[in-house]
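Welcome, and thank you for opening your viewer. Rotate the structure a little until you feel at home, and then we will walk through it stop by stop.

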Amino acid sequence: MIESLESLRRDGQSLMEDVSWELYQAHAGLKSKAELQSIYARYEQILGREALDFVLNQFQLSTPGSEEHRSARLLLEWLVESQTGHVLAEIEEREIAWESAAIVRLPDGREVPYMRAGIELANAPTRAERSALETARAELVARELAPMRLGRLQREKDYVESLGIAKNYNATFEALSGVSLSALAAECERLLRETQAMWDDMLPQALRTSLGIAVGEATRADALALFRAPQFDQFFPASDLEGAVRRQMIDMGIDPTANGRVRYDTGERPGKRSRAFCAPVRIPDEVYLVMRPHGGQTDWQTLLHELGHALHFAYTNASYPFEFRWVGDNSVTESYAMLFDHLMQNPGWLLRYSGLGRRELPSYLRAAALEELQFLRRYSAKLIYEEQLYSGRVPWDALPSLYVETLTSATRFNYDPADAFVDVDSRYYAVRYLRAWQLGAIVAQTLVEQFNEDWYRNPRAGPWIAGQLFGEGQRELAHELSRRISGQPLSFTPVIHAVECLAE
């Protein structure tokens, strides 16, 4: 029985802390499997219809635009996600255990842990080795992981729709997130059109120069190798990574550990995910930054990205209620991660904190522009594809072909149908990334206006970021935050302009 809003908040925070700690251990390679079902079982009193109806009632009775209304909407969105997580816990446990144990076996007898496949693909010395590994990886995924992911997506869609909050999955997401999928998809279509000429100009030369292949031959695995950009490794040594990033944060007037609340987990460990992540176990008191080294500038960019997340959580106002600290529009935290990782596109930052000199800078910036544009086009295509996936308008067995067509058309890298259900982030996380690009560009503009071009080393900038941005948690939607700090709406216009400037 739900006794009060405060009891729901208390139990909700305990649930989130327990799940976050369990997922941190599993994804960091500290456990071979996650035990989520037993955690959710301890919190069944907040994972049923009674709790959902309680919060829905709070939402309907509160005045639109009030803090009570904002709080109730965030709690409602969180409850739907948590209850969905409860339903999917058994499948997620199996996926994590599979990823931890799976081995990609190559025809020559070599064995690569699935969790290292992305790293090995990016660093493969020849295209023949890369192709062999990618073929073996895709066959393994199609045979074992893809069916699990398909079952998970189907079950997620069915469960969310069964809650009856809106007429279907997509309408439910829009009602809870405050984001129009059709409007954002239209913006993505426009971005793809407006950047097509630039993409067609840049990609062929990069593929010929770096990999010796033509457009049409390149696969997604080749994209990993291309954007790994090993020619710049000498300027981004692993030995300088943490020291340089910590020094820059101190120059900016912010403690890179948030007085010990941020813990760095950046070394190699068997079983650790190749994809970096931030695990806020207790917000704001205990936050883990987790990455597995790939090498070169990739690691520098990854550390900055995850540090943006970690410092955001660690500097969140501790007096805020659970929902303003733990949940909300993840476009906000992703925008802070992008604000920091985009320092790797800032000439002044690079010259001051990396080993790049003025001679190498133009070629590096052009490579960075190509990578940025690829990510923008890829995520725009992902949203367009995922809107179809969750809509129910396309049969499940037709989705792999649609996935290949949509992603390949946007990026000109050949995608594999095996990944059609694997390359889908849960609950429209692609939306959060796309709006984060928009918000991050506006935050960067605001910082330049207030603290000049070198805001990243202005000792007044860090305290402003910690107080005006990080301290607010995620109580605001991305477009609300943009209006507060700049008076501007979210748009891809400044994002495209920034890429054009990089590519000059």
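In which loop is Pro284 found? Select Pro284 and look on either side: this proline is in the loop between strand E4 (277–282) and strand E5 (286–290). Before going further, keep in mind that this is a predicted model.

**Stop 1: an unusual peptide bond**

Stay with Pro284 and add Ile283 to your selection. The peptide bond from Ile283 to Pro284 is cis, with an omega near 10 degrees. Most peptide bonds are trans, and most residues other than glycine have a negative phi. The next stop looks at phi.

**Stop 2: three positive phi values**

Select Asn259, in the loop between helix H10 (241–251) and strand E3 (262–265). Its phi is positive, about 60 degrees, although Asn259 is not a glycine. Is Asn259 buried or exposed? Asn259 has a relative accessible area of 62%, so it counts as exposed, for which the cut-off is over 50%.

Now jump to Asn452, in the loop between helix H17 and helix H18 (461–469). Asn452 also has a positive phi, near 75 degrees, and is a residue other than glycine.

For the third value, go to Gly29, just after helix H1 (residues 5–27), where phi is positive at about 85 degrees. While you are there, draw a line along H1: from the first C-alpha to the last, its 23 residues reach 32 Å, close to the 33 Å expected at 1.5 Å a residue.

**Stop 3: a mostly covered helix**

Select residues 429–451, which make up helix H17. How far apart are its end C-alpha atoms? They are 32 Å apart, which agrees with the 33 Å that 23 residues should span at 1.5 Å a residue. H17 is mostly covered, with 18 of its 23 residues buried.

**Stop 4: two prolines**

Pro256 shares a loop with your earlier stop Asn259, the one between H10 and E3. Pro256 has a relative accessible area of 4%, so it is buried, the cut-off being under 20%. Leaving out residues up to four places away in sequence, Pro256 touches Arg246, Met249, Ile250, Val262, Tyr264, Leu307 and Leu311.

Next, select Pro204, which has its place in helix H8 (residues 181–211). With the residues up to four places away left out again, Pro204 touches Trp199 and Val215.

**Stop 5: the nonpolar cores**

Colour Leu311, Tyr385, Phe413 and Trp455. These are the residues with the most contacts inside the largest nonpolar core, which has 148 residues. Helix H15 (residues 361–391) gives the largest share of this core, 15 residues. A second, separate core has 18 residues, including Trp98, Val104, Tyr114 and Leu140.

Zoom in on Phe413. Beyond its neighbours within four places in sequence, Phe413 is in contact with several residues, among them Trp199, Leu203, Leu207, Phe227, Gln374 and Leu407.

**Stop 6: the pockets**

Where is the centre of the largest pocket? Select His342, Gln345, Asn346, Ala444 and Ala498, the closest to its centre of the 27 residues that line this pocket. About 820 Å³ of space lies in the largest pocket. Helix H13 (330–341), H15, H17 and helix H20 (493–503) each supply at least two residues of its lining. By class, that lining has 18 nonpolar, six polar and three charged residues.

For the second largest pocket, select Ala206, Ser210, Gln231, Ser363 and Ala367, which lie nearest its centre among 18 lining residues. This pocket holds about 390 Å³ of space. H15 gives the largest share of its lining, seven residues.

**Stop 7: a closed space**

Rolling a probe the size of a water molecule over the atoms shows where empty space is left. A search of the whole structure finds four cavities of 30 Å³ or more. The second largest cavity contains about 130 Å³ of space. To frame it, select its lining: Glu77, Val80, Glu81, Val160, Tyr169, Thr172, Phe173, Leu176, Arg427 and Arg432. Which helix gives the most to this lining? Helix H7 (169–177) does, with four residues. The lining divides into five nonpolar, one polar and four charged residues.

Technical notes: Residues are numbered from 1 along each chain as its sequence is written. This is a predicted model: local features need pLDDT of at least 70, side-chain atom pairs count only at pLDDT 80 or more; totals for chains, interfaces and linings use all residues. Side-chain values use heavy atoms; hydrogens and water are left out. A nonpolar core is a set of buried Ala, Val, Leu, Ile, Met, Phe, Trp, Tyr and Cys residues joined through side-chain atoms within 4.5 Å. Buried means under 20% relative accessible area, exposed over 50%, partly exposed in between (1.4 Å probe, protein chains only). Contact means heavy atoms within 4.5 Å. On a 1 Å grid over the protein atoms alone, a cavity is a set of points where a 1.4 Å probe fits but cannot get out, and a pocket is an open set with protein on both sides within 12 Å along at least five of seven lines; lining residues have an atom within 4 Å of a point. Grid points are joined across faces, edges and corners, and a volume is the space filled by probe spheres set on the points. Ala, Val, Leu, Ile, Met, Phe, Trp, Tyr, Cys and Pro count as nonpolar, Asp, Glu, Lys and Arg as charged, and the others, Gly among them, as polar. The expected span of a helix is 1.5 Å times one less than its number of residues.
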